Amino acid sequence: MGLAEALGLQPEIKRVRMRTPWRLLSPYLHIGLGCAFENTASIAPPWPDLLIASGRLSVPASLYVREQSARTGRRTFTVQIQDPVIAPSNFDVVIAPLHDALEGPNVISTIGALHRVEPDRLAREAEAFASRVAGLSRPYVGVLVGGSNASYRMGADEIAKLVSDLRRLASRMGASLLVTPSRRTGEANTLLLKSALSEMPAFVWNGDGANPYFGILGLSDFLLVTVDSVNMISEACASGKPVYLYDLPGGSQKSARFRDSLIARGLVRDFTIPVVPYPAQTLNEMASVVAVIREKIQTA
């Protein structure tokens, strides 16, 4: 969505649902792709001029549209976001973060993930969100909470430690907490957060109404992000605010490379109590990505 917006486009969104065995063998099974999708009617002519896809389960759809559109004499230009696992040559452009160590003449390497964070959006959302936390005193520490994934673990014990650290942080700094869980945080962990911080100077989004995520990014004086989410960390780094990473049990070589690259560039720091201001760098790679894509489309 962020890439489409940066290209000045209003995209038509297609959510792909795969059938078995393609879902289990994606992205390796390329035979019979015409039968691979539950929602076949939505992946049909007229074929688009540009297709932007993200994630491994979207790879079969990208391959299918590219193949079918080529038969009409006007092949769709395909942009695949994240490492597709198969050869990048199957697409016109692949956009992958540096920590994926993916190479090729059509690969655009970024430090972090692409996103929808831009200054005007943050300013608008911060203004809209400010009234909801008007009773809380500054400084505001925005807390972006992820959840368990293939590399990291976040259960009740980790939430208890996070809450303890947030209490000490708020007390030490006289700060207020602006907390937003994500889908991966899970209902149980979100309830624990909400309950444990109920007597603190804190706002905890409980899933009701519009997510104030961009408002928190725009309004906070500091940002604290759990280390599991490349997307949230990248978005925090685009805000221009001091960003601190909150560690969780687990990790991988890939996540370590990502973390080290951000620290080396002065984009983030490891969590400490208190968090302190520092000359934060802003990570904004969208403009350069858009320029490369436009050039490749013109020469395709």
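The exercises below, each with a worked solution, concern a predicted model.

**Exercise 1. Describe the open sheet by its strand order, its pairing and its edges.**

Begin with the order, which is β1-β2-β3-β4 for the four strands of this open sheet, with parallel pairing. Next turn to the edges, where β1 (50–54) and β4 (107–110) each have a single partner strand, so one side of each is left without a neighbour in the sheet. Then consider the twist: neighbouring strands of this sheet are turned by 15 degrees against each other on average, direction ignored. Finally, look at one pairing in detail, that of strand β3 (residues 93–97) with β4, which runs in the parallel sense over four bridges; in it P97 stands opposite T110 in β4.

**Exercise 2. Determine which strands helix α3 touches, and how its direction relates to that of β2.**

Locate the helix first: α3 (residues 59–70) packs on the sheet, where it touches β1 and β2 (77–81). The direction of α3 makes about 170 degrees with that of β2. For the length, note that α3 has 12 residues and reaches 17 Å from its first C-alpha to its last, which is close to the 16 Å expected at 1.5 Å a residue.

**Exercise 3. Establish how far α3 is enclosed, and name what covers its buried residues.**

Count first, taking buried to mean under 20% relative accessible area: 10 of the 12 residues of α3 are buried, so the helix is largely enclosed by the rest of the structure. Then identify them as V59, P60, A61, S62, L63, Y64, V65, R66, Q68 and S69. The cover over these buried residues includes β1 and β2.

**Exercise 4. Classify the aromatic pair of Y244 and Y278, and explain which parts of the chain it ties together.**

A search of the whole structure finds six aromatic pairs. In the pair of Y244 and Y278, the ring centres are 5.8 Å apart and the planes stand at 80 degrees; since planes over 60 degrees apart count as edge-to-face, this pair is edge-to-face. Y244 lies in strand β9 (residues 243–246), while Y278 lies in the loop between β10 (269–270) and α10 (286–299), so the pair ties together parts that are 34 residues apart in sequence. Both Y244 and Y278 are buried.

**Exercise 5. Find the residues that ring pairs link into a cluster, and the ring over which the charged end of R121 sits.**

For the cluster, ring pairs link F37, W47 and Y64. Of these, Y64 is also one of the buried residues of α3. For the charge, the end of R121 sits over the ring of F214, at 5.5 Å from its centre.

Methods:
Residues numbered from 1 in each chain as written. Predicted model: local features only at pLDDT ≥ 70, side-chain atom pairs only at ≥ 80, totals over all residues. Heavy atoms only, no water. Phe/Tyr/Trp six-rings, centres within 6.5 Å; stacked < 30°, edge-to-face > 60°. Helix = DSSP H or I, 4+ residues; strand = E, 2+ residues; numbered from the N terminus. Buried < 20%, exposed > 50% of the residue type's maximum accessible area, 1.4 Å probe, protein only. Lys NZ or Arg CZ within 6 Å of the ring centre and 35° of its normal. Pairing = 2+ DSSP bridges. Axes fitted to C-alpha atoms, helices over the stretch in contact; angles between N-to-C directions. Contact = heavy atoms within 4.5 Å. Expected span 1.5 Å × (residues − 1).
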